[in-house]
2 protein chains.
Amino acid sequence: MKVPRWKKAEFEEIEYQPTSIRELLKEMKNICELIVDLAYSAILFNSQEIAEEVRYLEVRMDKLNYQIRIMAMLAARNIEDAEKMAGILQIAQAAEKISNAAGDIVKILSYKLTHPILPRLIKESDEIIRKMTVSHESKAIGKKIGELRISSETGVRILAIRRGSKWIYGPKGEVELKEGDILICVGPEEGMEELNKLLKGEVEVLE
Amino acid sequence: MKVPRWKKAEFEEIEYQPTSIRELLKEMKNICELIVDLAYSAILFNSQEIAEEVRYLEVRMDKLNYQIRIMAMLAARNIEDAEKMAGILQIAQAAEKISNAAGDIVKILSYKLTHPILPRLIKESDEIIRKMTVSHESKAIGKKIGELRISSETGVRILAIRRGSKWIYGPKGEVELKEGDILICVGPEEGMEELNKLLKGEVEVLE
């Protein structure tokens, strides 16, 4: 049986990796903002694929919370430090609650509890969320997002890029696309189709 | 003592107002997406003003959750219905958890637990979140968002508009601005300044 990626992540050993509290908090904030969007998208599009990303991020959030607790304890040297760190830990705890709640939302997919009302929630909006992969044939490889004019040509916004086990949240125009990048995008359906053709190598440029 | 608006909301009587489960869920989804952004913005900018919006939305979410429970029970006529409604209630419950967690985040402002690390979380990004009001002198009154070319001229995106006690989430181009509208916006600081001048009536058009 193939072990899903998020399950693997869960059983990876937790190691204390030195980094900064600031970096940890920043990633937690980014995950919070992304995971809520993804969780709703998963149920609205009945997508196990997006649900899997949610579970992956949920596990990642647990790890970040563990790391930030360790760091906070190491950093507090007196009462004043400790009080300020308590604020940081409260934010971290809230971030974990948010990611757990996002995990609860996608659970209804496994329980087959989806209700026909759900897809209708988005009918009125033209925007959809989709996951797309940069194929080895794509002319977008090695090009910067800004240079490809993705947003102006297609109206699509890239929420995040997953590159192997790393995430780039809210990528700026100077980020170069690489083969195998997984893009989580939001935008109008037609624009999404256009972008997908570019990423699959079916067209050379966006028009 | 002036009672804050969210406190008032908390003590308003909860009434069962007939609406549709779909409308309720949609508003809950919109609140979830907005409240996480707002909570982080409140602590990053140390803004009691934005924190107050978070508390207001948290109370609103409680009420929506109450209403949706009532509606779900009224709608379920057999086991199959009830099972599907259980999924809806699980999503609603998760939405409330998310809004409560957002409320936990802004609590550190009242406890004065903010850490000097927090403002530095956003230094690297050019985007800020701000709350702006349409003054009675503004030339934007009665104009459509699209017509004002807000996004193309300033790079600012309107996340939501609060009009009295109503919210318009992710307003489209055809929404007309009214006097007293409160806009929650995200974008670059310079663009924000430009837009604010228009809303205060200091300039007549965006350029």
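Biologist: In which loop of chain A does A:His136 lie?

Modeller: The model is a predicted one. Among the elements of chain A, helix H6 covers residues 150-154. A:His136 lies in the loop between S1 and this helix, that is, between S1 and H6 of chain A.

Biologist: Does A:His136 count as buried or exposed?

Modeller: A residue is exposed if 12 or fewer other C-beta atoms lie within 10 Å of its own. A:His136 has 9 C-beta neighbours inside 10 Å, so this residue counts as exposed.

Biologist: What distance separates the C-alpha atoms of A:His136 and A:Gly180?

Modeller: Along the chain, A:His136 and A:Gly180 are 44 residues apart. In space, their C-alpha atoms are separated by 7.2 Å.

Biologist: In what order do the elements of chain A run from the N terminus on?

Modeller: Chain A contains seven helices and four strands. Written from the N terminus on, with α for a helix and β for a strand, the elements run α-α-α-α-α-β-α-β-β-β-α.

Biologist: Among contacts in chain A between residues at least 6 apart in sequence, what percentage join residues at least 24 apart?

Modeller: Chain A has 207 residues, and buried residues make up 38% of them. For the contacts, the starting set consists of those between residues at least 6 apart in sequence. Within that set, the share that joins residues at least 24 apart is 79%.

Biologist: Which strands of chain A stand at the edges of the sheet?

Modeller: Chain A has an open sheet of four strands with antiparallel pairing, in the order S1-S4-S2-S3. A strand at the edge has a single partner strand, so one of its sides is left without a neighbour in the sheet. The strands in this position are S1 (127-133) and S3 (166-169) of chain A.

Biologist: How many bridges pair S1(A) and S4(A)?

Modeller: The pairing of S1(A) with S4(A) is antiparallel. One of the bridges sets A:Glu127 against A:Pro188 in S4(A). The number of bridges over which S1(A) and S4(A) pair is seven.

Biologist: Which helix of chain A packs on the sheet?

Modeller: Strands S2 (residues 157-163) and S4 (residues 182-188) of chain A run antiparallel and are joined by five bridges. In this pair, A:Ile158 stands opposite A:Cys185, and A:Arg157 stands opposite A:Val186. The helix asked for touches S1, S2, S3 and S4 of chain A, and its direction makes about 105° with that of S2(A). This helix is H2 (residues 21-44) of chain A.

Biologist: In chain B, by what angle are neighbouring strands of the sheet turned against each other on average?

Modeller: The sheet of chain B is also open, with four antiparallel strands in the order S1-S4-S2-S3. S1 (127-133) and S3 (166-169) of chain B are its edge strands, each pairing on one side only. With direction ignored, the average turn between neighbouring strands is 20°.

Biologist: Which C-alpha in chain B is nearest the axis?

Modeller: A turn of 180° and a shift of 0.1 Å along the axis lay chain B on chain A with an RMSD of 0.1 Å. The two copies are therefore related as by a two-fold rotation axis. The C-alpha of chain B nearest this axis is 2.5 Å from it and belongs to B:Ile98.

Biologist: Which element gives the most to the side of chain B that touches chain A?

Modeller: In the interface, 31 residues of chain B are in contact with 31 residues of chain A. Helices H2 (21-44), H4 (79-110) and H5 (117-120) of chain B each supply at least two residues of the side that touches chain A. The element that gives the most, with 14 residues, is H4(B).

Biologist: What percentage of the interface residues of chain B are also interface residues in chain A?

Modeller: The copies meet through the same surface, because the interface residues of chain B are also interface residues in chain A to the extent of 100%.

Biologist: Which element supplies the largest share of the largest nonpolar core?

Modeller: The largest nonpolar core has 115 residues, and those with the most contacts inside it are A:Ile35, A:Ile98, B:Ile35 and B:Ile98. The largest share of this core is 15 residues, and it comes from H2(B).

Technical notes: Residues numbered from 1 in each chain as written. Chains lettered and ligands numbered in written order. Predicted model: local features only at pLDDT ≥ 70, side-chain atom pairs only at ≥ 80, totals over all residues. Contact = placed C-beta atoms within 7 Å. Pairing = 2+ DSSP bridges. Axes fitted to C-alpha atoms, helices over the stretch in contact; angles between N-to-C directions. Least-squares fit on C-alpha atoms with pLDDT ≥ 70 in both. Core = buried A, V, L, I, M, F, W, Y, C linked by C-beta atoms within 7 Å. Buried ≥ 20, exposed ≤ 12 C-beta atoms within 10 Å, placed from the backbone.
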